[in-house]
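Student: I am new to this structure. Please take me through one part of it closely, step by step.

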Amino acid sequence: MSTLTADPPTTSPAAAPAATSPAVAQVQPTFAGVVRGEWIKLLSLRSTWWAVTATAALMTLASVGFAMSLDAMADDPALAPGIEQMHGAEIVASGFPFGMLTIAVLGALSFTGEYATGMIRSTFAAVPTRLPVLGAKVLTLVVLAAAVALVSLTLSYLVTMPQLSRYDLVPAIDDPGTWRVLGGSVYCLTAAALFSLGVGTLLRSTAASLTAALTVLLLLPGILSFIRLDRVETIVSYLPLPASSALLTTGGAGTHGDYLSTQASLIVMAAYALVPLAAAALMLHRRDA
């Protein structure tokens with residue numbers, strides 16, 4: 001008489017490692033990876049290329065228009081002496097206000113665009129600490145804004161050179177005044193882009209951010225200039241467009257305009273870039289997406 005016995009259950013060799021394998025560690029993105037991702041996002045947006053193209057086109061066309069107006073000035077006996085007091089670099093950079101307009105749009109859209117599409121949630125899910133995202137956006141925007149400003153000024157220089165040469169106004173490369181005006185243009189345009197980025201991060205809305213940024217950058221100086229009060233005029237001189245004038249004109253190293261010196265203009269424009277970004281960093285740390 002035989003006895004049947006059941007075999008003990010066996011475990012598949014392939015299943016054993018899966019049951020005992022440790023949990024997969026979460027990969028933390030590096031700052032270089034975050035910057036690479038922000039570059040891809042920034043350069044893949046059509047709005048970025050529209051803003052870049054508009055900046056170069058408007059700054060170049062404005063400088064050409066100013067250069068062509070020299071003929072009319074030369075024909076006017078009352079205005080002709082003023083040509084001799086001009087510096088060619090000021091004419092090359094005369095499209096600066098238009099560049100500030102479009103570069104501000106670029107700065108605001110670099111953050112508000114993600115809020116509009118909802119992509120910001122995926123971004124913050126990948127980078128939970130959030131501040132590296134803001135740092136990467138600042139870095140990529142600074143590089144792009146400075147590059148666009150340089151290209152725009154180079155185009156302006158090339159297309160205005162024939163007209164400026166007729167009046168001996170071609171800016172010399174070895175002239176310190178040339179470097180101050182052109183370098184000041186790049187500096188102030190980059191500061192304007194960062195100001196708009198900070199405002200966009202704080203307000204999250206594209207319409208609200210553009211309204212606030214363009215009002216401070218461009219509209220307020222014209223509106224407040226109608227108020228003839230000393231205190232108001234002092235406030236106006238510290239707004240971005242008037243404050244940048246010392247960096248966009250030639251002359252002595254002293255005071256430019258009514259109130260601000262060159263050094264003060266550098267500090268004021270830096271404050272317009274850094275203060276909104278600092279507030280944006282604090283907001284990102286405390287507020288949900």
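Student: How many aromatic pairs does a search of the whole structure find? Please look closely at them and at the helices that hold them.

Tutor: Keep in mind that this is a predicted model. A search of the whole structure finds 2 aromatic pairs.

Start with F111 and Y115. Their ring centres are 5.7 Å apart, and their planes meet at 20 degrees. Planes under 30 degrees apart count as stacked, so this pair is stacked. Both residues sit in helix α6, which covers residues 96–117. They are 4 residues apart there, so about one helical turn separates them. Now check their surroundings. F111 has a relative accessible area of 0%, so it is buried. Y115 has 14% relative accessibility and also counts as buried. The cut-off for buried is under 20%.

The other pair is F195 with Y272. Here the ring centres are 5.9 Å apart and the planes stand at 80 degrees. Angles over 60 degrees count as edge-to-face, so that is the label for F195 and Y272. F195 is buried too, at 7% relative accessibility. This pair does not stay within one helix. F195 belongs to helix α9 and Y272 to helix α13, so the pair ties together parts that lie 77 residues apart in sequence.

That leads to the two helices. Helix α9 spans residues 176–203, and helix α13 spans residues 262–286. Their axes come within 8 Å and cross at roughly 25 degrees. Angles under 35 degrees count as roughly parallel, so α9 and α13 are roughly parallel to each other. Their crossing is left-handed.

Next, look at what meets what. On the α9 side, the contact residues include Y187, C188, A191, L194, F195 and L197. Also on that side are G198, V199, T201 and L202. On the α13 side, they include L266, M269, A270, Y272, A273 and P276. L277, A279, A280, M283 and L284 belong to that side as well. So F195 and Y272, the edge-to-face pair, are both among the residues in this contact. By class, the contact of α9 with α13 has 19 nonpolar residues, 2 polar ones and no charged ones.

One more residue, away from the rings, is T60. T60 is found in helix α3, residues 46–75. Its relative accessible area is 12%, so T60 is buried. Setting aside neighbours within four places in sequence, T60 is in contact with S152, L155, S156 and V159.

Notes: Residues numbered from 1 in each chain as written. Predicted model: local features only at pLDDT ≥ 70, side-chain atom pairs only at ≥ 80, totals over all residues. Heavy atoms only, no water. Axes fitted to C-alpha atoms, helices over the stretch in contact; angles between N-to-C directions. Helix = DSSP H or I, 4+ residues; strand = E, 2+ residues; numbered from the N terminus. Parallel < 35°, antiparallel > 145°, perpendicular 65-115°, else oblique. Left-handed = near helix turned anticlockwise from the far one by under 90°. Contact = heavy atoms within 4.5 Å. Nonpolar A, V, L, I, M, F, W, Y, C, P; charged D, E, K, R; others polar. Buried < 20%, exposed > 50% of the residue type's maximum accessible area, 1.4 Å probe, protein only. Phe/Tyr/Trp six-rings, centres within 6.5 Å; stacked < 30°, edge-to-face > 60°.
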